[in-house]
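Okay, everyone, let's talk about aromatic rings today. I'll put the sequence and the structure up, and then we'll go through the contacts one at a time.

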Amino acid sequence: MKLGPKLTETLKGKLRLGARIVRVGSLEKVFKQNFSVSNGEKLLKASQCYLSTTAGPIAGLLFISTDKVAFHSERSIKLASPTGKQLKIHYKVMIPLGKIKRAYDSKNAKKPRQKYVQIVTEDEFEFWFMGFLNHRKAFKYLQQSISQTPSVAAIDAWMISP
C-alpha cells in the first residue's frame with residue numbers, strides 16, 4: 001500500500017501541519033481546539049499517521065489522551081449536504097477509551113515494515129491506523145492509556161497477511 005502519491009506531496013502535508021501547529025501554538029492546543037476535553041484529561045501523545053477508509057487512507061493526527069483516542073484529518077474532505085451543496089469538512093474520529101474492546105499492534109506478514117494499529121470498539125467497529133513515524137512509540141502510548149481504563153478487554157500484537 002502506498003500512503004502518499006509522491007514524496008513531494010507528503011512533504012507539503014508535513015509542512016502544512018507544522019505551520020498549523022506553529023499558528024495554534026502546540027499540539028495540545030490543536031487537540032483542545034478540535035475535540036471537547038474534560039477536566040483533568042491529559043494529552044499523552046500526538047502522532048502523524050493515516051486512517052484507513054473505504055475511500056483510501058486519510059492523512060492526519062492521532063491523539064491519544066487519558067480519556068480518548070481521536071483522529072483529525074490533515075486536509076478537509078468534500079461531502080454533499082442533504083440539500084446537494086458541497087461542504088468541506090475535516091474528517092474526525094473520537095473513540096472514548098471505555099468503548100474500546102481491543103487494540104492490536106500488527107504488521108503485514110509479507111511486508112513486515114508495514115505496521116498497523118487496529119482498534120476494535122464494543123460495537124465491533126474497526127479503525128485501522130498506519131504510516132506512523134514511530135509505530136512502536138504510538139502503540140506504547142495507546143497501551144498505556146487503555147491499560148488505565150478497566151473496561152478495555154485486550155491489547156494484542158499479531159501479524160496479518162496482505
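So, ground rule before we talk clusters: rings of Phe, Tyr and Trp, using the six-membered ring for Trp, count as a pair if their centres lie within 6.5 Å. And keep in mind that what you're looking at is a predicted model.

How many aromatic pairs does a search of the whole structure find? Six. I'll walk you through two of them.

Start with F31 and F35. Their ring centres are 6.0 Å apart and the planes sit at 40°, so we call that pair tilted; the tilted class is what's left once you take out stacked, under 30 degrees, and edge-to-face, over 60. As for exposure, F31 is buried, at 1% relative accessible area, and F35 is buried too, at 7%.

Now stay on F35 and look across to F63. The centres are again 6.0 Å apart, but here the planes make 65°, so this one is edge-to-face. Where do the two residues live? F35 is in the loop between α2 (27-34) and β1 (43-51), while F63 is in strand β2 (residues 58-65), so the pair ties together parts 28 residues apart in sequence. F63 is buried, just like F35.

Put those together and you get one aromatic cluster: F31, F35 and F63.

F35 has another partner, and this one carries a charge. The charged end of K92 sits over the F35 ring, 5.1 Å from the ring centre. There's a similar arrangement to look at with Y141: K140 lies over its face, 4.9 Å from the centre of the ring.

Technical notes
Residues are numbered from 1 along each chain as its sequence is written. This is a predicted model: local features need pLDDT of at least 70, side-chain atom pairs count only at pLDDT 80 or more; totals for chains, interfaces and linings use all residues. Side-chain values use heavy atoms; hydrogens and water are left out. Buried means under 20% relative accessible area, exposed over 50%, partly exposed in between (1.4 Å probe, protein chains only). Helices (H or I, at least four residues) and strands (E, at least two) are DSSP runs, numbered from the N terminus. A charge sits over a ring if NZ of Lys or CZ of Arg is within 6 Å of the ring centre and within 35 degrees of the ring normal.
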